[in-house]
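Q: Please take a close look at one helix of this structure and at what surrounds it.

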Amino acid sequence: MTLQINAQQNGSLEINPLCEALGAEVIGLDLSKPLTGEVGQAVHDAFLEHHLLCFRSAPLSPAAFADVARRFGEPQMQLLRNQRVDTVPEVSLLDSTYVRAVDKPDDMRQVRLTGWHTDESFVEAPAKATLLQSLEIPDSGGQTSFCNTRAAYENLSEAEKLRLGGLFAAHRYDTPRAAVQPKVRTKEEIDETPEVIHPLVRTHEDTGQKALFFNANRTDRVVDVSHEESEDILNLVDGRMTEARYRYDHEWRVGDLLIWDNRCLVHSVNMDFPVGQRRLHQRILLQGHRPV
Ligand SMILES: [Fe+2]
């Protein structure tokens, strides 16, 4: 259902769901102004309800992008230093362009960004949310897809909820379960990324809702069970949370600014787009709490 609010300062605000599974488009919000009053509350409520918000914008400077991010939380530095913007280091530039034909594999599963993941789950307190803005996009392909792990959890059978409820899993920067190995880290980055243990079902600190918490690129194993049982459980979780009914595919326009909730969504990139066409985004991670 579309929500409409008339606010003197902000003109008319509209919040329109993007699809059944998740996400809403916010129309009529001036991103350069603080999120206060009735409008601010409506935007924050929509974020918690829909888990992803899309603002149509022109590309912002890194500093202006960081200002928008601060309205939703506290930006944190991402791990990989070489993607950080020098002048505003909490902003990272993510360039997924295929420069040469040889860079693009025939099998898209061989590109790490296609794995369903929640950002930086390999740290003790993973980012609660991510802001991503497109700066340049290819003519075709390159969509970012999302799945709602809160809805996937809620639709499990009671027996499955009981089975998964008390389990914990190890998240690592690198795991043999991932289809592709990650980029090389510096010594400093390796020292900052020991294995961490997270619950397989986490409770959202703002809503109390439970969601599956699994990262196909980082979740190594369920702890305190056999390897076979761990694989069985992780495959079950992976399969359930990525069912089509929980999914939204975002077709980027230049300047689109998305904010999504890493506590109840996973995402994946369609890396099938033309060689030589630039695909560039800027990203900010917002500080989160240790999952419980
Ligand atoms: Fe990501």
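Q: Which residues of H6 are exposed, and how does this helix sit among its surroundings?

A: Glu228, Asn235 and Gly239 are exposed on one side of H6, where exposed denotes 12 or fewer other C-beta atoms within 10 Å of a residue's own, buried 20 or more, and partly exposed a count in between, with C-beta atoms placed from the backbone. The model is predicted, with pLDDT of at least 70 needed for local features and 80 or more for side-chain atom pairs, while totals for chains, interfaces and linings use all residues. Residues are numbered from 1 along each chain as its sequence is written.

Helix H6 comprises 15 residues, 227-241, and reaches 21 Å from its first C-alpha to its last, close to the expected 21 Å (1.5 Å times one less than its number of residues). Helices (H or I, at least four residues) and strands (E, at least two) are DSSP runs, numbered from the N terminus.

The buried residues of H6 are Ser230, Ile233, Leu234, Val237 and Met241. Seen down the helix axis, these buried residues fall within an arc of 95°, so they line one face of H6; the arc is that of the directions from the axis to the C-beta atoms. In general, an α-helix has 3.6 residues a turn, so residues three or four places apart point the same way.

The cover over the buried residues of H6 includes E8, helix H3 (149-154), strand E12 (210-212), strand E13 (219-222) and E16, contact being C-beta atoms, placed from the backbone, within 7 Å. Two of these elements, E8 and E16, belong to an open sheet of three strands in the order E14-E8-E16, with antiparallel pairing (pairing requires at least two DSSP bridges between strands).

Technical notes:
Contact = placed C-beta atoms within 7 Å.
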